[in-house]
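Student: I'd like to understand one part of this protein properly instead of skimming the whole thing. Could you walk me through a single sheet and then show me where it fits?

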Amino acid sequence: MKKHFSSLLGAVLATGLLTSAPVASAADKVTMGFIYVGPKDDYGYNQAHAEGCAGVQKLPWVKGVEEASVPETTAVQETMRNMIVQDGATVVFPTSFGYFDPHILKLAKQNPKIQFLHCGGMYTEGKHPKNVGSYFGYIDEAVYVAGIVAGHETKSGKLGFIAAKPIPQVLRNINAFTLGARSVNPKATVQVIFTGDWSVPVKEAEAASSLINQGVDVLTCHVDSPKVILETAERRGIFVCGYHANGSKLAPKGYLTGAEWNWSKVYTDYAEMVKAGKTLAAGTIPHLVRGGLKEGFVKCSDYGPAVGEAAKKDAEAAKAKFMDGSMVIFKGPLKNNTGGDILPAGQEYKQQDIELEKMGWLVEGVLGSTKS
Amino acid sequence: MSSTPEAKVAVATPAAAAGRPPLPWRPALEGVVIPVGAVLVALALFGLFCFVQGRNAFAVFAAINKAAFGSWYAFQNTLVRAAPLMLTALATALPARLGLVVIGNEGALVMGGLAATVAGLAVQTAPLLVVLGVMLAAGMIGGGLWLAIVGALYYQRGVNETIASLLLNYIAIALLNHLVNGPLRDPSSLNKPSSFPIPDEKMLPVIGSSNVHYGLFFGIAACLLAWVLMEHTTFGFKVRMIGGNIRAARLAGLPVALLGIITCFLAGAAAGAAGMVEVAAVHGRANESLAAGYGYAGILVAFVARHRGLPIILVATLLGGILASGGILQREFKLPDATILVFQGLVFLVILFSDSLYGKFGFFKEERR
């Protein structure tokens with residue numbers, strides 16, 4: 001037995017010596033690194049980014065390197081470093097929100113020639129390294145459209161929203177969904193449940209069951225992976241709107257539509273800029289990139305079989321207004337769900353309004369509290 | 001009681017007394033061959049897995065070696081990941097010598113990180129060494145008290161230590177979330193609620209020009225101290241006596257509860273120091289990233305190292321290396337991200353299994369019979 005071990009050991013060492021040649025990298029290729037906090041096939045946040053990586057790799061001169069399930073610790077710093085040093089990446093996309101501070105900021109300082117592009121963070125001039133940029137999509141536009149469809153198809157008038165945390169990005173989607181639904185069905189309510197974390201499938205399934213038991217007949221969510229929520233809704237025979245990525249495969253009967261990211265478009269734009277020699281530090285790549293339906297950053301899933309003509313008509317009308325720029329989601333008169341005023345009649349928050357990025361309220365029609 | 005070490009020495013020399021040539025290197029060799037053999041068996045099993053996945057197993061091994069230990073650059077990656085594991089492993093290893101299975105590492109790390117943050121913010125204008133000293137003390141006390149609760153519940157009220165420490169993890173994480181969402185929250189941390197930050201210049205620096213922070217020294221020092229304490233002091237001897245036979249220890253007049261609670265405090269202090277290092281060297285603030293799983297990984301390290309201080313350093317480095325090589329399997333071999341967990345699971349299962357082989361081979365006996 002011992003003999004076998006030593007011969008195996010010899011073989012391991014020998015192959016180690018033979019195959020330790022460096023990874024070849026073509027100089028004319030743009031190497032882009034993509035880092036995800038969860039698995040690439042979560043039907044959610046990470047899958048959306050992985051699809052974006054697959055999309056940009058259709059360009060023959062782009063080489064994408066990917067790492068999934070990288071925690072928001074020094075692990076992501078090491079991953080970024082390896083992509084830069086070992087794979088020759090000149091631009092990295094660490095996609096999870098928690099990668100930004102301190103991890104990206106630290107590596108960006110150490111690697112001033114590399115472009116660090118982060119999803120959702122806020123680049124602050126003068127405070128952050130110049131080779132850091134941020135991109136995000138106004139996905140609340142697609143969520144608003146999903147709300148319109150949900151408002152049409154609900155019979156009980158009770159909609160359910162399973163959310164991770166009461167933070168501005170999430171509250172904005174809850175409010176957009178509610179406003180969309182109530183724009184066509186003023187009596188509709190949205191019951192919200194916060195699970196407290198980004199990926200807790202057991203709690204998400206429990207929340208889905210509990211909402212359905214209370215009479216909710218359309219569910220949607222903002223968690224990292226909508227998988228169990230889609231599956232639970234389908235099994236219980238109710239409707240569901242997807243989030244992050246297309247989930248119609250998991251709920252072929254009940255899937256109405258969904259708000260999806262279109263990162264292929266964003267990553268392809270960046271690849272073109274990098275190839276043209278543009279950099280964040282020189283200011284030729286903008287530090288803040290934002291866009292909605294009009295810019296192609298987000299999209300709506302194709303309608304499911306249960307969506308009626310009336311719903312499609314209203315949804316398409318809203319989409320058309322987003323496309324021509326005339327739609328404003330948050331406009332007065334707007335009340336919060338404890339009876340207070342958010343906006344008086346005649347005033348509005350446009351998409352770019354910084355107030356929306358600090359959102360701490362829930363609009364009238366949402367059942368639930370940010371304190372829960 | 002104090003005469004027992006001498007008794008041990010007397011027992012160890014029957015071979016010499018009988019006039020046969022002693023072979024003292026053979027038991028020592030057993031301690032090397034069995035773990036090394038276990039790693040090789042695990043490599044063979046993992047090679048089979050790679051083969052099934054359609055990859056050249058030897059190329060994968062070479063890549064793992066290259067990414068974890070192949071160069072100083074790669075080894076830094078390993079050390080960065082190993083540093084917190086050395087500290088959190090002690091939180092299981094020390095009480096294990098009492099015969100307790102404590103798995104409250106994650107909670108103690110979180111409480112240590114929280115205490116270190118609060119203390120660090122309170123003295124942030126003081127000189128660097130004062131800030132770091134206060135943070136370390138606060139972190140160790142925070143984590144220590146947290147696991148002292150486990151010891152007190154066990155020795156005073158008979159509450160099962162494993163369940164108590166597991167539940168305290170959840171409480172600690174809930175407390176962390178509550179505090180960073182409420183009283184400690186920096187209002188500018190919008191989408192990732194966090195405490196106010198420790199100033200950059202008051203953070204724990206990296207060692208020289210490397211990427212490794214001083215937390216690694218804390219880890220190695222703590223493991224060495226734990227080793228000396230447990231193997232070479234009367235305190236350690238008393239603790240091991242409680243672990244060996246708690247009734248005999250009571251009959252011998254040992255203050256069992258006090259010793260047990262102190263040991264649990266030290267265990268928590270080690271994990272609390274890991275929390276302090278995470279805040280002071282990595283995150284600069286307290287937020288949900290503190291509960292990143294180092295505590296749970298530490299349980300694994302402690303068991304594989306058989307709860308001994310010195311082997312913990314090695315096992316933590318091995319696990320750090322395995323984690324460090326996870327990336328290259330994805331980037332170079334396009335293997336799924338769970339592959340490294342398969343590898344880690346195989347290595348540790350085989351090592352734990354190999355525990356049952358000690359004393360089974362006649363070759364490793366001190367004398368031939």
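Student: In what order do the 7 strands of the open sheet in chain A come, and what kind of pairing do they have?

Tutor: Before we go in, a word on what you're looking at: it is a predicted model, where local features need pLDDT of at least 70 and side-chain atom pairs count only at pLDDT 80 or more, while totals for chains, interfaces and linings use all residues. Residues are numbered from 1 along each chain as its sequence is written, and chains are lettered from A and ligands numbered from 1 in the order in which they are written.

Now, your sheet. The order is β12-β10-β9-β8-β6-β7-β17 (chain A), and the pairing is mixed. Strands here are DSSP runs of E with at least two residues, helices are runs of H or I with at least four, and both are numbered from the N terminus. Two strands pair if DSSP finds at least two bridges between them. At the edges sit β12 (298–300) and β17 (366–367) of chain A, each pairing on one side only.

Let's start at the β12(A) edge. Strand β10 (residues 255–261) of chain A pairs with β12(A) in the antiparallel sense, over 3 bridges. If you want a spot to click on, take E260(A): its bridge partner in β12(A) is K299(A).

Further along the order, look for strand β6 (residues 158–163) of chain A, which pairs with β7(A) in the parallel sense over 6 bridges. Here you can pick F161(A), whose bridge partner in β7(A) is V192(A). So that's where "mixed" comes from: the sheet has mixed pairing, with an antiparallel pair in β10(A) and β12(A) and a parallel one in β6(A) and β7(A). As for what holds such neighbours together, strands of a sheet pair through backbone hydrogen bonds, either parallel or antiparallel.

Stay with β7 of chain A (residues 189–194) a moment. Of its 6 residues, 5 are buried, so this strand is largely enclosed by the rest of the structure. (Buried means 20 or more other C-beta atoms within 10 Å of a residue's own, exposed means 12 or fewer, partly exposed is in between, and C-beta atoms are placed from the backbone.)

Which helices go with the strands? Helix α7 (residues 201–213) of chain A lies across β6, β7 and β8 (218–222) of chain A, running at about 170 degrees to β6(A). Helix α8 (residues 227–235) of chain A packs on the sheet too, touching β6, β8 and β9 (239–244) of chain A, and its direction makes about 170 degrees with that of β9(A). Those angles run from 0 to 180 degrees between N-to-C directions, using axes fitted to C-alpha atoms, for helices over the stretch in contact. Contact means that the C-beta atoms of two residues, placed from the backbone, lie within 7 Å.

Now zoom out a bit. Chain A has another open sheet, this one of 6 strands in the order β2-β1-β3-β4-β5-β11 (chain A), with parallel pairing. Its edge strands are β2 (62–67) and β11 (288–291) of chain A, each pairing on one side only. On average, neighbouring strands of this sheet are turned by 20 degrees against each other, direction ignored. Strand β1 (residues 30–35) of chain A runs parallel to β2(A), and 6 bridges join them; M32(A), for instance, has G64(A) as its bridge partner in β2(A). Helix α3 (residues 74–85) of chain A packs on this sheet, touching β1, β2 and β3 (91–94) of chain A, at about 155 degrees to the direction of β3(A). Helix α4 (residues 100–110) of chain A lies across β3, β4 (115–119) and β5 (132–137) of chain A, running at about 165 degrees to β4(A).

How do the domains come in? Chain A is divided into domain 1 (30–137 + 263–291) and domain 2 (140–260 + 299–367), with bounds from an automatic or database domain assignment. Their C-alpha centres lie 28 Å apart, and the contact takes 9 residues from domain 1 and 11 residues from domain 2 of chain A.

Finally, the whole chain: there are 10 helices and 17 strands in chain A. Its C-alpha trace spans about 75 × 60 × 40 Å along the principal axes, and 52% of its 372 residues count as buried.
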